[in-house]
Amino acid sequence: MTKDFSREIKPVVPGLKKYRLAGVSFFVLNMLYILIALWKLPPVDPAMNIVVYAGLFIFVSLVLIFTPLIFRGKRLLVQVLTITYGGRAAYSAYVLVGGGTFPAVPYFLPCLILTFYFLGRAAWDWP
């Protein structure tokens, strides 16, 4: 019986520590992102209120779905998210320099850059 049980246990992947750190940082930085968005959100009319809060709900749902997958070491997902967050950070920096941005962009940008770094560190073994 002991031998059967030991065969069912899978060995821990050596690089899983970086994925765990990426998962925690992905969750924490995106929750901070949402809090900043709610803090800097300008007043909207009741019709748009539904759209705004539905978008935030969908964003939180995606974060809650992706975080456990990052924890498990899904490399392709982490690579796609890294490219996505890198593009978002680059576009936010470009728009910030251009002016006329959403008031929260200066606060969003560090969250995006840190998320990009931690995801890239797990995906491509950055230092």
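## Exercises on a five-helix model

The protein's accessible surface comes to about 8,500 Å², and 73% of that belongs to carbon and sulfur atoms (Shrake-Rupley method, 1.4 Å probe, with only the protein chains shown counting as cover for residues). This is a predicted model, where local features need pLDDT of at least 70, side-chain atom pairs count only at pLDDT 80 or more, and totals for chains, interfaces and linings use all residues. Residues are numbered from 1 along each chain as its sequence is written, and side-chain values use heavy atoms, with hydrogens and water left out.

**Exercise 1. Work out which helix to trust least in its details.**

Step 1: start with the overall score. The average pLDDT (the predictor's confidence in each residue, from 0 to 100) is 85, and 88% of the residues score at least 70.

Step 2: list the elements. There are five helices and zero strands, in the order α-α-α-α-α from the N terminus. Helices here are DSSP runs of H or I with at least four residues, strands are runs of E with at least two, and both are numbered from the N terminus.

Step 3: compare. Helix α1 (residues 2-8) has the lowest confidence, a mean of 55, while helix α4 (residues 75-98) has the highest, at 91. Where pLDDT is low, the predicted coordinates should not be read in detail.

**Exercise 2. Check the length of α2, then find what covers its buried residues.**

Step 1: do the length check. The expected span is 1.5 Å times one less than the number of residues. For the 25 residues of α2 that gives 36 Å, and the end C-alpha atoms are indeed 36 Å apart.

Step 2: pick out the buried positions (under 20% relative accessible area; exposed is over 50%, partly exposed in between, with a 1.4 Å probe and protein chains only). In α2 they include L16, Y19, A22, G23, F26 and Y33. Across the 127 residues of the protein, 29% count as buried.

Step 3: look at the cover. It includes α3 (46-71), α4 and α5 (105-124).

Step 4: zoom in on I70, which sits in α3 and is buried at 0% relative accessibility. Leaving aside neighbours within four places in sequence, I70 is in contact (heavy atoms within 4.5 Å) with residues including Y19, A22, G23 and F26. I70 and Y19 are 51 residues apart along the chain, yet their C-alpha atoms are separated by 6.0 Å.

**Exercise 3. Find the nonpolar surface patch and say which helix gives the largest share.**

Step 1: apply the rule. Patch residues have over 30% relative accessible area and no salt bridge; like charges are joined within 9 Å, and nonpolar side chains (Val, Leu, Ile, Met, Phe, Trp, Tyr) within 5 Å.

Step 2: name the members. V24, F27, V28 and L64 make up the patch, with about 330 Å² of accessible area together.

Step 3: assign the share. Helix α2 (residues 16-40) supplies three residues, the largest share. F27 lies in α2 and is partly exposed at 32%.

**Exercise 4. Track down the salt bridge and place its two partners.**

Step 1: set the cut-off, a side-chain nitrogen of Lys or Arg within 4 Å of a carboxyl oxygen of Asp or Glu. The count comes to one.

Step 2: identify the pair. K18 bridges to D125, with the closest N and O atoms 3.9 Å apart. K18 lies in α2 and D125 in the segment after α5, so the pair ties together parts that are 107 residues apart in sequence.

Step 3: check exposure. K18 is partly exposed at 25%, whereas D125 is exposed at 55%.

Step 4: look at the backbone. D125 has a positive phi of about 55° although it is not a glycine.
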